[in-house]
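Here is a colleague's note to read alongside the structure. Please keep the chain in view and follow the points in order.

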Amino acid sequence: PQEQIELLPDDLVEFTFHDISTMTLVGERQLWAGTSSGTLHVFELGSSPSCNSSFRLKEHSLIKINEPILSMACRPSEYVFHADSPLTNSGPQTEVLLGVPYGYIIIFAGAVDQQGRLQEVNKLPRKVVLLTNSSIDCAVNSIVHTTEGTSETYWCSCGSKIVVLQRRTWQKLQEIDTGAGFPSSSLSHPEVERLLSSEHGVWSSVANRSTVTLWDRTTPHTT
């Protein structure tokens, strides 16, 4: 049976459910929710005393981003605590990436507790990584974490392109033009809407296009 999240209404006075645009789970019990109005909510969930299979809201943090949050991704817990994962002086690390409509991402990174949750989220530094130098607004509609051997990357949609970033250094490894090979008249500015990471590669879908594409993670080209 699926676990049910039990949230107390009194603790959610400031939260508007209709405004949620994206969510991700950091560790086992830390829920990050981004809104189209540019507010980031972090919910700390604990066990409900009345039911072992449900959660209870323990803490709610609110962070102002001031940009619409379109997408979100984080490093999965199995990689955070992997034996080959590099450690820092503060222990295991993870990060949450936020995508906005203007061609860049915002990164919150820091140490995690034993459950993989980021600590002191209101004090986490923000890092901005520019994905494009284009003067045209490029929406970052989707971000996914991928691995190939010991290498970890993030794939970020950026308008009609997909930008591949090396984790930790945030160096741009590759830029994929999803519009290549399509007649320019058929879709003037194709926008990547969704990315999905799988064992076979990374899938992408483009707005107003009836096909999906599978990209090779090692040397990004269609498979």
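1. Before the points on hairpins and sheets, a term is needed: strands are DSSP runs of E, at least two residues in length, and they are numbered from the N terminus. Two strands are said to pair if DSSP finds at least two bridges between them. Please also bear in mind that this is a predicted model.

2. As an overview, the secondary structure of the protein consists of one helix and 16 strands. Of the 223 residues in the protein, 47% are buried, and the area that the protein exposes is about 12,000 Å², with carbon and sulfur atoms supplying 48% of it. Among the contacts with a separation of 6 or more, 48% are made between residues 24 or more positions apart.

3. One of the sheets to look at is an open sheet of four strands, in the order β10-β11-β12-β13 and with antiparallel pairing. Its edge strands are β10, covering residues 143-148, and β13, covering residues 172-177, and each of these pairs on one side only. On average, and with direction ignored, neighbouring strands of this sheet are turned by 25 degrees against each other.

4. Within that sheet, β11 (residues 151-158) and β12 (residues 161-166) are joined in the antiparallel sense by six bridges. To find a place where the two strands face one another, look for S157, which stands opposite I162 in β12.

5. A further open sheet has three strands, ordered β14-β15-β16, and its pairing is antiparallel as well. Why is one side of β14 and of β16 left without a neighbour in the sheet? Both β14 (192-198) and β16 (212-215) stand at the edges and have a single partner strand each, so one side of each has no neighbouring strand there. Neighbouring strands of this sheet are turned by 20 degrees against each other on average, direction ignored.

6. The pairings of β15 (residues 201-206) can now be taken in turn, beginning with β14, to which β15 is joined by six bridges in an antiparallel arrangement. In this pairing R194 stands opposite S205 in β15. With β16, β15 pairs over four bridges, again in the antiparallel sense, and here V202 has W215 in β16 as its bridge partner. As background, strands of a sheet pair through backbone hydrogen bonds, and they do so either parallel or antiparallel.

7. Finally, which residue takes a positive phi in the hairpin of β15 and β16? There are five residues between these two strands, and in this hairpin N208 takes a positive phi near 65 degrees.

Conventions. Residues numbered from 1 in each chain as written. Predicted model: local features only at pLDDT ≥ 70, side-chain atom pairs only at ≥ 80, totals over all residues. Heavy atoms only, no water. Axes fitted to C-alpha atoms, helices over the stretch in contact; angles between N-to-C directions. Buried < 20%, exposed > 50% of the residue type's maximum accessible area, 1.4 Å probe, protein only. Contact = heavy atoms within 4.5 Å. Areas by Shrake-Rupley, 256 points an atom, 1.4 Å probe, with all protein chains shown as cover.
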